[in-house]
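Reader: I am in my first year and would like a close look at a single part of this protein. Please choose one stretch of the chain, show me its neighbours, and then lead me outwards from there.

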Amino acid sequence: LLSANNQSEAVASVSVTYLPLTKGTYWKYNEVTASGGNSTADKYTDKVLGKKSTINGKLYTATALTSATTTDTVYYSQQKHDYYQYSNININGIGLVPVEILFLKDNVAKGTTWSAPAGSVYGLPATGNSTIIKKNYSMQIHGQTYDNVIHTQVSLSVLYMGNMGTIDYYLAQGVGIIKMVSNFTYSTPYTTTTSLNKYQVN
């Protein structure tokens with residue numbers, strides 16, 4: 001087991017993955033959403049299930065996303081050095097949209113960019129345009145220091161509709177997503193900042 005409280009004891013057992021998907025692994029997050037000068041706070045847990053699903057030809061692992069008020073399923077897939085997320089994204093003025101995002105390539109240099117299909121909105125093709133912003137650095141969140149961090153940014157655009165917004169992912173090797181910032185500008189702009197406060201990797 002690897003958790004925020006026993007990292008030094010488990011380093012040898014940690015794989016090189018930036019997103020451990022072993023059954024029972026979980027992450028607990030704090031989340032703050034700001035829009036129009038107002039903000040709301042929430043807490044949720046993302047737990048890896050034993051369920052696998054094939055989506056768009058890729059084998060995904062399901063995770064259960066739960067808070068005091070909501071329950072959802074998010075899917076993750078690692079294809080060698082490529083990491084995908086399949087989930088519902090809330091875009092103001094449109095609603096919940098299922099998108100597939102290639103959010104990380106862990107073997108490319110800082111500044112590398114790529115584009116990948118991300119599903120569709122109103123039947124129009126969506127694209128995720130991604131960039132490695134920074135990599136191989138340390139980051140502190142809620143008093144915990146995470147090493148070997150990669151920061152990527154994904155800009156989500158839709159044909160004829162333009163840019164929907166951006167999602168910044170911060171991943172620590174052997175831990176997973178430690179921070180995520182969603183900044184959607186379509187219709188009513190809002191920003192959601194998610195930060196890790198506890199985890200356990202099985």
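Author: We will start with one strand, look at its partners and the pocket beside it, and then visit other parts of the chain.

This is a predicted model, in which local features need pLDDT of at least 70 and side-chain atom pairs count only at pLDDT 80 or more, while totals for chains, interfaces and linings use all residues. Residues are numbered from 1 along each chain as its sequence is written, and side-chain values use heavy atoms, with hydrogens and water left out.

Our part is strand S4, residues 58-67 (a strand is a DSSP run of E, at least two residues, numbered from the N terminus). Seven of the ten residues of S4 are buried, which leaves the strand mostly covered (buried is under 20% relative accessible area, exposed over 50%, partly exposed in between, with a 1.4 Å probe and protein chains only). Thr66 belongs to S4, and this residue counts as partly exposed because its relative accessibility is 34%. Although Thr66 and Thr45 are 21 residues apart in sequence, their C-alpha atoms are 5.4 Å apart in space.

Now look at the partners of S4. Nine bridges join S3 to S4, and the two strands are antiparallel (strands pair if DSSP finds at least two bridges between them). One place to find this pairing is Lys47, whose bridge partner in S4 is Ala64. The hairpin of S3 and S4 has two residues between the strands, and there Asn56 has a positive phi near 50°. Most residues other than glycine have a negative phi. S4 also runs antiparallel to S5, with six bridges joining them. Here Leu65 has Asp72 in S5 as its bridge partner, and three residues lie between S4 and S5 in their hairpin.

What does S4 help to line? Together with S2, S3, S5, S6, S11, S12 and S13, S4 supplies at least two residues each to the lining of the largest pocket. This pocket has a volume of about 910 Å³. Leu65, which we met above, is among the residues closest to the pocket's centre, with Glu31, Asn88, Asn90 and Thr192, out of 34 that line the pocket. A pocket here is an open set of points on a 1 Å grid over the protein atoms alone, where a 1.4 Å probe fits and protein lies on both sides within 12 Å along at least five of seven lines; lining residues have an atom within 4 Å of a point. The volume is the space filled by probe spheres set on the points. The lining of the largest pocket holds 16 nonpolar, 14 polar and four charged residues (Asp, Glu, Lys and Arg count as charged; Ala, Val, Leu, Ile, Met, Phe, Trp, Tyr, Cys and Pro as nonpolar; the others, Gly among them, as polar).

Next come the rings. The whole structure has eight aromatic pairs (rings of Phe, Tyr and Trp, its six-membered ring, pair with centres within 6.5 Å; planes under 30 degrees apart are stacked, over 60 edge-to-face, the rest tilted). Tyr83 and Phe103 form a tilted pair, because their ring centres are 6.4 Å apart and their planes stand at 55°. Tyr83 is in strand S6 and Phe103 in strand S7, 20 residues apart, so to speak two distant parts of the chain linked by the pair. Tyr83 and Phe103 are both buried. In Phe184 and Tyr190, the centres are 5.8 Å apart and the planes are at 25°, so this pair is stacked. Phe184 is buried at 2% relative accessibility, and Tyr190 is buried at 11%. Ring pairs also gather Tyr76, Tyr83, Phe103 and Tyr169 into a cluster.

Further along, hairpins appear again. S9 and S10 are antiparallel, with 13 bridges, and Thr131 is opposite Gln153 in S10. Their hairpin has two residues between the strands, and His142 there has a positive phi near 50°. S10 then pairs with S11 through ten bridges, again in the antiparallel sense, and Ser157 has Asn163 in S11 as its bridge partner. Three residues separate S10 from S11 in their hairpin, where Tyr160 in the turn has a positive phi of about 70°.

Technical notes:
Helix = DSSP H or I, 4+ residues; strand = E, 2+ residues; numbered from the N terminus.
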